[in-house]
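Let's take a walk through this complex together, one chain at a time. Keep the viewer open and turn the model as you read.

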Amino acid sequence: MEAVGLVPVLAISAILFTLGVIGVLARKNALIVFMSVELMLNAVNLAFVGFSRQHAALDGHVFAILVMAVAAAEAAVGLALVILLFRNRVTVKLDDLDRMRG
Amino acid sequence: MGSAPPVLDSVILAAPLMLLALMGVVLMVAAAVFRPMPRLPFWGASCLTVATTLVLVALGSGKPATEAFSGMLRIDAYGNFFAAVVLVSGLFSLLISDSYMERIGVRVGEFYSLVLFALCGMLGMVYSNDLMMTFISLEVMSIAVYVLCAIKRSDDRAVESGFKYFILGAFSSAILLYGVAFVYGATGSTALPAIAHTLREGGGEAAGILALGGALLLVGFGFKVASVPFHMWAPDVYQGAPTAVTALMASGVKAASIAAFGRVVIGAMGDDASNWNGALWWMAAATMLVGNLAALAQNDLKRIFAYSGIAHAGYLMMALSSVAAGGAAENGAIGSLAFYMLAYVLMNAGAFAVLALMTTSEGDDATDIDRLAGLGRSHPFLAAGLSVCLISLAGLPPTMGFIGKFYLFSAAIGAGEVGLAFVGAIGAAAGVYYYLRPMVYMYMREGSPDMAVDGRARLALGLTSALLLIFGLMPSAILQWANASMASVLG
């Protein structure tokens with residue numbers, strides 16, 4: 001099988017990352033926004049792995065695993081916060097988060 | 001590189017981090033075992049841990065720079081200085097937190113454990129010599145702080161603050177990490193010295209990818225230090241979080257982020273700084289202006305301090321920009337960044353010690369500026385201490401804030417950044433108004449302020465205001481130390 005070059009990998013990574021950014025900025029549901037952040041992190045992983053192959057080095061692969069570990073820790077805290085939010089407000093819509101203003 | 005030192009040597013070199021992480025785990029387990037939490041042992045153990053860590057950092061200072069964990073960490077004077085700054089901020093936050101947490105009705109041992117984890121992450125950031133290490137330490141710090149923000153689970157403002165911080169923190173971390181990925185792609189390494197080396201050789205083969213990576217890093221750090229245009233999360237998060245946690249966010253988190261940012265700008269991108277300086281210039285200028293002007297319209301003290309923190313991020317970025325531009329060394333003002341960081345942490349610690357006393361009998365934070373009315377008559381010590389901190393924040397003599405601002409601006413002018421210094425001066429002039437406004441309330445309005453009684457908060461306030469005055473009148477020792485620390489990273 002022909003090896004995939006760097007450019008398609010980076011292109012897919014960029015598309016995924018952009019989708020994630022749009023999701024964070026445009027969606028109103030806390031869970032969807034949270035998923036979009038995870039999408040961004042996975043786009044980064046793809047870029048790391050692609051660059052790692054380009055450099056014929058292993059460290060990029062290791063970084064991807066490190067990032068997954070961090071993302072898992074972040075997910076644990078993030079989901080706990082979403083649950084707390086729901087308990088206090090009975091909503092996870094970001095538009096309703098307006099208790100503070102100045 | 002030579003042969004890598006054995007792991008044990010690295011562990012000893014990184015003893016401050018190890019101690020914080022170890023005690024964080026110990027307290028986390030203890031919090032699960034001893035319920036309800038015995039307050040004094042937990043508070044005492046965490047204070048003792050931070051103090052011991054501070055001693056370890058002090059013992060390590062003066063030694064030549066060493067790399068630990070295969071170059072992941074660089075234990076040098078720069079790291080030691082900022083580690084001390086971060087630990088001082090942690091110590092003051094702990095000092096005000098015990099009775100504050102009791103007042104707001106949060107009695108969980110995890111609080112202390114999370115503070116230690118956050119401090120461990122901050123230390124990782126200030127010593128970090130590798131972009132991946134910076135990212136991981138940043139996450140160790142941030143994840144702990146997300147939880148700390150929402151530690152009062154029944155308070156929907158605190159939970160909202162924690163959630164907002166989490167979403168924007170995770171979002172900006174992802175952007176930062178994408179930047180790391182591109183820098184790795186362009187230079188083949190994430191180690192700061194290796195990146196600097198590649199850049200000196202001509203920037204690697206992919207200049208476009210490198211520029212993109214640099215821009216993403218700048219955006220990511222911009223979010224972390226709350227610089228304009230990435231600052232909008234800070235006021236809500238600062239206001240909603242418990243005051244003791246806000247104190248840590250406003251001082252320690254900011255110091256660690258600036259320190260890591262500084263290492264990347266000065267240590268790695270130094271030879272590519274010309275690309276960065278234009279962007280840094282605009283960000284610093286906008287941050288100083290927007291932060292100071294937006295603070296004018298605020299009536300909640302925590303929001304005022306949030307915007308003040310944004311403005312100060314601008315001053316510190318001005319210092320970064322002038323160090324990166326070069327020329328600051330001849331002016332003797334190269335240490336201005338480190339010196340001002342210490343001043344900033346002390347003034348915030350003192351101010352937040354007073355804010356932490358402003359709780360209602362129901363256990364809510366009530367930090368409206370009206371509640372300071374008459375404080376000068378009813379609580380002369382608190383009013384005097386807060387006034388010293390505010391005068392220092394405004395940059396007026398005879399305080400450390402004045403000396404710090406003086407060196408910041410002379411560094412900028414020495415580096416040829418006259419325009420930036422001018423913008424900063426306008427911002428600082430506007431700042432004088434909102435820093436002096438609480439003093440007008442304290443001394444010139446009638447009222448009967450309702451402040452909690454807490455000896456340790458008073459001790460924190462007394463210590464910080466005394467230090468601000470002492471270092472304001474005799475800055476040379478700290479300044480020398482600051483200069484040496486910055487010199488160690490310029491290499």
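What percentage of the 102 residues of chain A count as buried? The figure is 31%, and the rest of the picture of chain A helps to put it in context. Bear in mind throughout that this is a predicted model.

Let's stay with chain A for a moment. Its secondary structure consists of 3 helices and 0 strands, so to speak an α-α-α pattern when you read along the sequence. Chain A has a radius of gyration of 17 Å, whereas a compact globule of 102 residues would come out near 13 Å. Along the principal axes, the C-alpha atoms of chain A occupy a box of roughly 55 × 30 × 25 Å. If you look at contacts in chain A between residues at least 6 apart in sequence, 48% of them link residues at least 24 apart.

How far does the predictor trust this chain? The average pLDDT of chain A is 89, and 94% of its residues score at least 70. Among the elements of chain A, helix 1 (residues 6-26) has the highest mean pLDDT, at 94, and helix 3 (residues 59-89) the lowest, at 92.

Now turn to chain B, which has 20 helices and 2 strands. Its radius of gyration is 21 Å, close to the 23 Å that the globule rule gives for 491 residues, so chain B is as compact as a globular protein of that length. The box that holds the C-alpha atoms of chain B measures roughly 65 × 55 × 40 Å along the principal axes. Of the 491 residues here, 66% count as buried. Among contacts in chain B between residues at least 6 apart in sequence, 81% join residues at least 24 apart. The mean pLDDT of chain B is 89, with 95% of the residues at 70 or above.

Next, bring the two chains together. The contact between them draws 30 residues from chain A and 33 residues from chain B. On the side of chain B that touches chain A, helix 6 (131-149), helix 7 (156-187) and helix 10 (233-240) each supply at least two residues. Helix 7 of chain B gives the most, with 17 residues. By type, the residues on this side of chain B divide into 18 nonpolar, 6 polar and 9 charged. For the complex, the predictor gives an ipTM of 0.94 and a pTM of 0.94.

What lies inside? The largest nonpolar core has 229 residues, and those that touch the most other members are Val44(A), Val86(B), Ile96(B), Ala118(B), Leu119(B), Val126(B) and Met341(B). Helix 7 of chain B appears again here, since the largest share of this core, 20 residues, comes from that helix. To see one of these core residues at work in the packing, zoom in on Ala118(B): leaving aside neighbours within four places in sequence, Ala118(B) is in contact with Met141(B), Ala144(B), Val145(B), Leu148(B) and Leu248(B).

A helix of chain B makes a good close-up. In helix 8 (residues 192-200), the buried residues are Leu192(B), Ile195(B), Ala196(B), Thr198(B) and Leu199(B). Why do they line one face of the helix? Seen down the axis of helix 8 of chain B, the buried residues fall within an arc of 160 degrees, so they line one face. An α-helix has 3.6 residues a turn, so residues three or four places apart point the same way. The buried residues of helix 8 of chain B pack against helix 7 and helix 11 (243-268) of chain B. Just after helix 8, Gly202(B) adopts a positive phi of about 125 degrees.Finally, compare two single residues of chain B. Leu382(B) sits in helix 16 (residues 380-394) of chain B. Is Leu382(B) buried or exposed? With 22 other C-beta atoms within 10 Å, Leu382(B) is buried, the cut-off for that label being 20 or more. Not counting residues up to four places away in sequence, Leu382(B) touches Val354(B), Leu375(B), Met451(B) and Leu461(B). Leu382(B) and Ala353(B) are 29 residues apart in sequence, and their C-alpha atoms are 9.2 Å apart in space. Ser70(B), in turn, is placed in the loop between strand 1 (66-68) and strand 2 (73-75) of chain B. Ser70(B) has 14 C-beta neighbours inside 10 Å and counts as partly exposed. The C-alpha atoms of Ser70(B) and Pro235(B) are separated by 39 Å, with their positions 165 residues apart along the chain.

How values were computed
Residues are numbered from 1 along each chain as its sequence is written. Chains are lettered from A and ligands numbered from 1 in the order in which they are written. This is a predicted model: local features need pLDDT of at least 70, side-chain atom pairs count only at pLDDT 80 or more; totals for chains, interfaces and linings use all residues. Helices (H or I, at least four residues) and strands (E, at least two) are DSSP runs, numbered from the N terminus. The radius of gyration is taken over C-alpha atoms; the globule rule is 2.2 Å times the number of residues to the power 0.38. A residue is buried if 20 or more other C-beta atoms lie within 10 Å of its own, exposed if 12 or fewer, and partly exposed in between; C-beta atoms are placed from the backbone. Two residues are in contact if their C-beta atoms, placed from the backbone, lie within 7 Å. Ala, Val, Leu, Ile, Met, Phe, Trp, Tyr, Cys and Pro count as nonpolar, Asp, Glu, Lys and Arg as charged, and the others, Gly among them, as polar. A nonpolar core is a set of buried Ala, Val, Leu, Ile, Met, Phe, Trp, Tyr and Cys residues joined through C-beta atoms within 7 Å. The arc is that of the directions from the helix axis to the C-beta atoms. pLDDT is the predictor's confidence in each residue, from 0 to 100.
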